[in-house]
Amino acid sequence: MRVFTGIAASPGIVVGRLKLVDRQRLSVTEYPIGADAAAAEIIRLKVAIETTRAALESLRADLDGTTCDDHLFIIDTHLLILADERLFVETASIIETGLINAEGALNRTLQKYRSTFEAIEDAYLRERINDVETVIEKILRTMTGENHDVIEPEEGQTVIAAHEITPADILQMDRSHIIGLVTEIGGRTSHASILARAFQLPAVAGVEGITSLLLDGAPVIVDGFEGTVTVNPERATFLDSLQRKRRYEYREFELLKIKDLPAETLDGYRMQLKGNVEIPEEGVSVLNYGGTGVGLYRTEILFMNRREMPEEEEQFLTYASMQMAVAPHPLTIRTLDAGGDKLLDGMPHLTEQNPALGVRAIRLSLNMRDEFKKQLRAILRVSSLGTVRIMFPMISGLDELRRAKALLEECKSELALAGVPFDRHIQAGIMIEIPSAVLMADLLAPEADFFSIGTNDLIQYTLAVDRSNEHLAEFFQPLHPAVLRSLRRVVEAAHTAGIDACICGEMAGDPLYLPILLGLGFDELSMGSASIPRVKHILRRCTRAQAIVIVAACSTFSTAAEVESYLKGEITSHFAESFD
Ligand code: PEP
Ligand code: MG
């Protein structure tokens with residue numbers, strides 16, 4: 001038995017078998033061959049190309065007609081590259097003249113293509129080298145037998161272990177057999193972890209070195225509460241985990257009994273508890289968990305794993321299905337928040353040195369005016385079906401807010417002229433997740449219809465701690481006094497201007513922070529929907545008066561550790577039973 005410790009990224013306990021996905025470490029060895037071996041190497045190359053083509057064609061046939069068939073063009077592109085005879089002819093010639101093995105020769109062909117592509121001026125065409133790399137990597141893996149590039153589950157209960165799993169991977173994987181995730185990098189608030197929670201896949205991140213150990217196929221327990229991964233568990237550990245899993249499931253089931261009761265404190269302070277969603281199926285689960293709407297719909301998921309941006313009509317239909325799932329409750333649709341760790345295929349920021357500080361979120365939208373307007377029009381059209389709010393991500397100051405609102409007004413006029421219905425009074429709010437927006441909150445509030453704090457990014461940028469870096473987990477401190485001061489400042493600015501102050505970062509769903517958020521006077525908390533029952537359960541046992549006292553005491557401390565130890569003491573003495 002071996003226990004690995006990492007970061008608890010998505011709750012739950014699962015028992016399954018490990019499948020290693022080692023896409024990062026394809027190592028190609030080049031070695032000399034005799035002249036008499038060249039023909040055999042060339043045949044090996046030909047067979048690998050044909051096998052790769054057959055595998056891609058069969059994948060294409062499997063996906064055709066499924067919900068993924070929008071993405072078939074990616075496979076078509078790869079098939080076209082494989083069909084280009086030059087790839088075979090040039091590599092075969094390297095084998096023959098250079099007398100080296102097929103893998104080495106293919107690697108040399110790739111290097112040659114890389115330098116040819118690097119010289120191309122057009123950024124979009126230059127980046128097409130990615131497709132060539134993917135195809136050559138597939139052929140190399142076929143030759144070396146390391147066919148791990150697609151995250152495909154084995155039959156049964158598979159736990160995927162990989163150096164990195166991207167949000168795009170999670171969307172693409174067949175989740176009917178994959179029951180848990182383990183990664184070497186990433187943190188609790190990285191988007192892959194957020195998606196793992198959305199799909200209720202227990203996950204542990206930051207488990208160093210797990211993919212370099214020969215553990216493929218080993219029985220494993222993933223404990224997404226403790227952040228542990230136990231490989232080859234002993235019987236006693238196995239039984240203990242099963243018992244903990246049952247206890248957890250029973251507690252969750254019990255908590256659901258209060259799902260239809262109001263989210264109200266003992267002294268009558270009501271909060272809106274809403275869900276964060278990524279795909280339309282999640283809209284239903286928000287209501288099943290007792291949420292009263294969606295406080296954050298991350299629309300960027302619709303833009304991932306494809307090269308073309310979705311057209312207005314497709315966006316309209318997707319947002320409309322989310323609206324119908326959530327009705328009669330309000331739906332807050334956030335405009336495209338791409339960039340950072342949510343990369344879109346074929347976009348320029350793929351090559352940025354520092355994507356977290358790059359062309360992302362509202363900056364990207366304002367740069368692509370026409371695409372942005374398509375999204376705004378789609379959202380406006382959905383607003384005719386029920387209560388819909390629009391939310392702009394990563395607003396850094398008034399200029400961006402005004403430019404975004406001007407485009408929204410332009411779209412309204414266009415729709416009005418065309419006689420297309422929409423809600424003329426649709427609320428347009430902003431996410432506060434950049435320190436400059438905190439400092440400008442008093443000036444932003446009169447021009448926004450609501451504020452929603454994205455604590456994941458706000459903490460990242462306030463403390464200069466990469467939210468996805470597993471080595472910095474201890475520095476990502478929601479209770480840092482600088483963060484608490486920011487939260488207070490934003491609520492005060494919002495309430496002075498008479499608008500709602502909401503939180504939709506991960507902090508909203510963690511019961512430890514509830515007394516603080518309640519004491520500060522937030523109107524709405526939006527979280528992964530599975531967290532709603534527990535937060536509501538605790539909220540219904542608190543008083544706002546008590547929370548105000550707690551928050552006043554917290555503001556006297558000067559370090560996150562002091563705040564945390566005080567808060568935990570308060571929780572133990574007042575609400576121990578609710579927090580276990
Ligand atoms: C946040 O930053 O807190 C947030 C809710 O947005 P995202 O996690 O999608 O960046
Ligand atoms: Mg954010």
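In the predicted model, Asp337 has a relative accessibility of 0% and therefore counts as buried, the limit for that class being under 20%. Asp337 is placed in the loop that runs between β11 (331-334) and α12 (361-367), and its side chain engages the side chain of Arg334 in a polar contact of 3.3 Å. Arg334 also belongs to the surroundings of ligand 1, since Arg334 is listed with Arg298, Gly454, Asn456 and Arg467 as the residues that come nearest among the 16 around that ligand.

Ligand 1 itself sits in the largest cavity. The elements that contribute two or more residues to the shell around ligand 1 are α8 (191-198), β10 (294-298) and α17, and the largest share, three residues, is supplied by α17. Polar side-chain atoms approach the oxygen atoms of the ligand in several places. For His191, an N or O atom of the side chain is found 2.9 Å from an oxygen atom of ligand 1, and for Glu433 a polar side-chain atom is likewise placed 2.9 Å from an oxygen atom of the ligand. In the case of Asp457, the distance between an N or O atom of the side chain and an oxygen atom of ligand 1 is 3.0 Å. The enclosure of the ligand is reflected in its accessible area, as the protein covers 100% of the 290 Å² that ligand 1 has on its own.

Two of these residues, Glu433 and Asp457, recur at the metal site. The protein donors of the magnesium ion (ligand 2) are Glu433, through OE, and Asp457, through OD, and these donors lie 2.0 to 2.2 Å from the ion. The pair links distant parts of the chain, with Glu433 in the loop between β13 (427-432) and α15 (435-439) and Asp457 in helix α17 (residues 455-463), at a separation of 24 residues. With a relative accessible area of 2%, Glu433 falls under the 20% limit and is therefore buried, and Asp457, at 3% relative accessibility, also counts as buried.

A further set of polar contacts is centred on Asn276, which is placed in strand β9 (residues 272-277). Asn276 has a relative accessible area of 3% and is accordingly classed as buried. Its side chain makes a polar contact of 2.6 Å with the side chain of Ser526, while a polar atom of the Asn276 side chain also lies 3.0 Å from the backbone oxygen of Cys504.

Two residue pairs illustrate how separation along the sequence relates to separation in space. Phe557, in the loop between α21 (544-554) and α22 (560-579), is 76 residues from Pro481 in sequence, yet the C-alpha to C-alpha distance of the pair is 7.4 Å. Phe557 has a relative accessibility of 26%, a value between the 20% and 50% limits, and therefore counts as partly exposed. Ile538 and Leu479, by comparison, are 59 residues apart in sequence and 19 Å apart in space, again from C-alpha to C-alpha. Ile538 lies in helix α20 (residues 532-539), where its relative accessibility of 0% places it in the buried class.

The backbone, finally, shows some individual features. Ala327 and Pro328 are joined by a cis peptide bond, for which omega is about 10°, and Pro328 is found in the loop between α11 (312-326) and β11. A positive phi is present at Gln200, with a value of about 55°, although Gln200 is not a glycine. Gln200 is located in the loop between α8 and β6 (203-205) and is partly exposed, with a relative accessible area of 45%. Ala361, which is not a glycine either, has a positive phi of about 50°; this residue lies in helix α12 and is buried, its relative accessible area being 0%.

Key: Residues numbered from 1 in each chain as written. Chains lettered and ligands numbered in written order. Predicted model: local features only at pLDDT ≥ 70, side-chain atom pairs only at ≥ 80, totals over all residues. Heavy atoms only, no water. Donors = N, O, S within 2.8 Å, 3.2 Å for Na, K, Ca; no water. Helix = DSSP H or I, 4+ residues; strand = E, 2+ residues; numbered from the N terminus. Buried < 20%, exposed > 50% of the residue type's maximum accessible area, 1.4 Å probe, protein only. Near = heavy atom within 4 Å. Polar contact = N/O pair within 3.5 Å; in protein donor to acceptor, adjacent residues only side chain to side chain. Areas by Shrake-Rupley, 256 points an atom, 1.4 Å probe, with all protein chains shown as cover. 1 Å grid on protein atoms, 1.4 Å probe; cavity = no way out; pocket = protein on both sides within 12 Å on 5 of 7 lines; lining within 4 Å. Sits in = over half its atoms within 2 Å of the grid points.
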